[in-house]
Amino acid sequence: MAVLMQVPLDDVEGSPVVLVEADRSDIAGGLTLAAPDPGQAAVVATRSLSTSLEHLEPMLRTLKDKLVASAPEHFTVEFGVKLGGETGIILAKGTAEVNLKITMTWDREH
């Protein structure tokens, strides 16, 4: 079952927030689930979106460096993310086998 989760955009007190739909299974047991009215947040994330995205940077940097080494003219990487209550960003499964889609193109003729 999905619940609405309030995620602060930054770690600064009073930072704007965004409401995201989260799976109840991605919400830690210690967080209270009690939405007073439909459409209101049922839970508040313990990590900001900014902090959560910082955890993706090393993976993205490594991926980019390895793909650039193949010298494509262009490349695109697609992946899904989920937001969890205490875990922050989670790579979402696309299928049981794949959660990253990589497209590389070479425009040069050899």
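Here is a short chat about the fold, sheet and core of this predicted model.

Visitor: Before we dig in, what pLDDT do local features need here?
Guide: Residues are numbered from 1 along each chain as its sequence is written, and side-chain values use heavy atoms, with hydrogens and water left out. Totals for chains, interfaces and linings use all residues, side-chain atom pairs count only at pLDDT 80 or more, and local features need pLDDT of at least 70.

Visitor: In what order do the elements of the protein run from the N terminus on?
Guide: Helices (H or I, at least four residues) and strands (E, at least two) are DSSP runs, numbered from the N terminus. There are 2 helices and 6 strands. Laid out along the chain, that reads β-β-β-α-α-β-β-β.

Visitor: Which residue in β3 is the bridge partner of Q6?
Guide: Two strands pair if DSSP finds at least two bridges between them. An open sheet with mixed pairing runs β2-β1-β3, with β2 (17-23) and β3 (43-44) as its edge strands. Strand β1 (residues 2-8) pairs with β3 in the parallel sense over 2 bridges. For Q6, the partner in β3 is V44.

Visitor: Which elements give two or more residues to the largest nonpolar core?
Guide: A nonpolar core is a set of buried Ala, Val, Leu, Ile, Met, Phe, Trp, Tyr and Cys residues joined through side-chain atoms within 4.5 Å; buried means under 20% relative accessible area with a 1.4 Å probe, protein chains only. The largest one has 6 residues: M5, V7, V20, A22, V43 and A45. Two or more of them come from each of β1 and β2.

Visitor: What share of the 110 residues counts as buried?
Guide: Using that burial cut-off of under 20%, the whole protein is counted, all 110 residues. The buried share is 24%.

Note on methods
Buried < 20%, exposed > 50% of the residue type's maximum accessible area, 1.4 Å probe, protein only.
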